[in-house]
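Here's a quick tour of the pockets in a protein model, with a stop at one residue along the way. Have the structure open while you read.

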Amino acid sequence: MSTDFRVATRPVIRWMLKEDLPTVLKIEEESFEFPWTKSDFLSCTHQPHCIAVVAEVQNQVVGYMIYEMAPHFFRVLTLAVDPAWRRKGIGRSLVERLINKLSPHRRHQILLEVRETNLVAQLFFRSLGFRACRILRNFYSDTVEDAYQMAYQIPQVPSCPTKNRIARYLA
């Protein structure tokens with residue numbers, strides 16, 4: 001009898017703790033050809049505008065996401081799920097948690113960059129409603145690879161908002 005992990009294992013998403021770093025680094029190493037280092041994680045997580053969260057199942061860290069907050073958008077800096085827990089809704093739960101933080105009055109967009117060769121990530125984010133909006137040439141310092149900038153925007157926000165109340169009536 002097979003168990004549907006998506007039903008049985010709703011992840012708990014919480015702030016990343018210092019004690020989580022060894023597990024996060026292991027997931028990072030198993031997930032990326034050019035992984036972040038411990039110092040990369042520490043440098044980023046010590047910035048006041050960066051938020052690091054983990055997904056936990058049965059008291060085990062199985063995924064993480066680090067994002068930064070800008071005045072009008074969030075930017076996902078890195079996201080990964082333990083290979084043994086992939087395709088079980090962990091990554092989706094992390095991203096949906098961030099989507100639920102969007103607001104038409106504050107941060108109304110999520111941006112991220114994906115390597116042009118990372119088709120799995122491109123399809124994953126597309127399935128969540130992200131769309132490629134730009135090609136960033138030679139984006140990565142470790143290769144000459146391009147990146148696709150992908151964006152998720154809540155539908156309530158007009159693509160070109162008016163600057164003031166009077167401008168609405170002049171159109």
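In this predicted model, the second largest pocket is walled in by Trp15, Met16, Leu17, Lys18, Leu21, Phe41, Leu42, Thr45, His46, Cys50, Ile51 and Ala52. Two elements, α3 (38–45) and β2 (50–57), each give two or more residues to that lining.

Now pick out Leu21, one of the residues on that list. You'll find Leu21 in helix α2, which covers residues 21–31. Is Leu21 buried or exposed? Its relative accessibility is 9%, and buried means under 20%, so Leu21 counts as buried. Leaving aside residues up to four places away in sequence, Leu21 touches Lys38, Phe41 and Leu42. Of these, Phe41 and Leu42 also turn up in the lining of the second largest pocket. Then there's Val61: Leu21 and Val61 are 40 residues apart along the chain, and 9.8 Å separates their C-alpha atoms.

Next, the largest pocket. A total of 40 residues line it, and the closest to its centre are Phe32, Leu79, Asn118, Ala121 and Phe125. Helix α2 comes back here: along with β4 (73–81), α4 (90–99), β5 (109–115) and α5 (119–127), α2 supplies at least two residues of the lining.

Here are both pockets side by side:

| Pocket | Volume | Nonpolar lining residues | Polar lining residues | Charged lining residues |
|---|---|---|---|---|
| Largest pocket | about 1400 Å³ | 20 nonpolar | eight polar | 12 charged |
| Second largest pocket | about 210 Å³ | nine nonpolar | two polar | one charged |

Terms used:
Residues are numbered from 1 along each chain as its sequence is written. This is a predicted model: local features need pLDDT of at least 70, side-chain atom pairs count only at pLDDT 80 or more; totals for chains, interfaces and linings use all residues. Side-chain values use heavy atoms; hydrogens and water are left out. Helices (H or I, at least four residues) and strands (E, at least two) are DSSP runs, numbered from the N terminus. Buried means under 20% relative accessible area, exposed over 50%, partly exposed in between (1.4 Å probe, protein chains only). Contact means heavy atoms within 4.5 Å. On a 1 Å grid over the protein atoms alone, a cavity is a set of points where a 1.4 Å probe fits but cannot get out, and a pocket is an open set with protein on both sides within 12 Å along at least five of seven lines; lining residues have an atom within 4 Å of a point. Grid points are joined across faces, edges and corners, and a volume is the space filled by probe spheres set on the points. Ala, Val, Leu, Ile, Met, Phe, Trp, Tyr, Cys and Pro count as nonpolar, Asp, Glu, Lys and Arg as charged, and the others, Gly among them, as polar.
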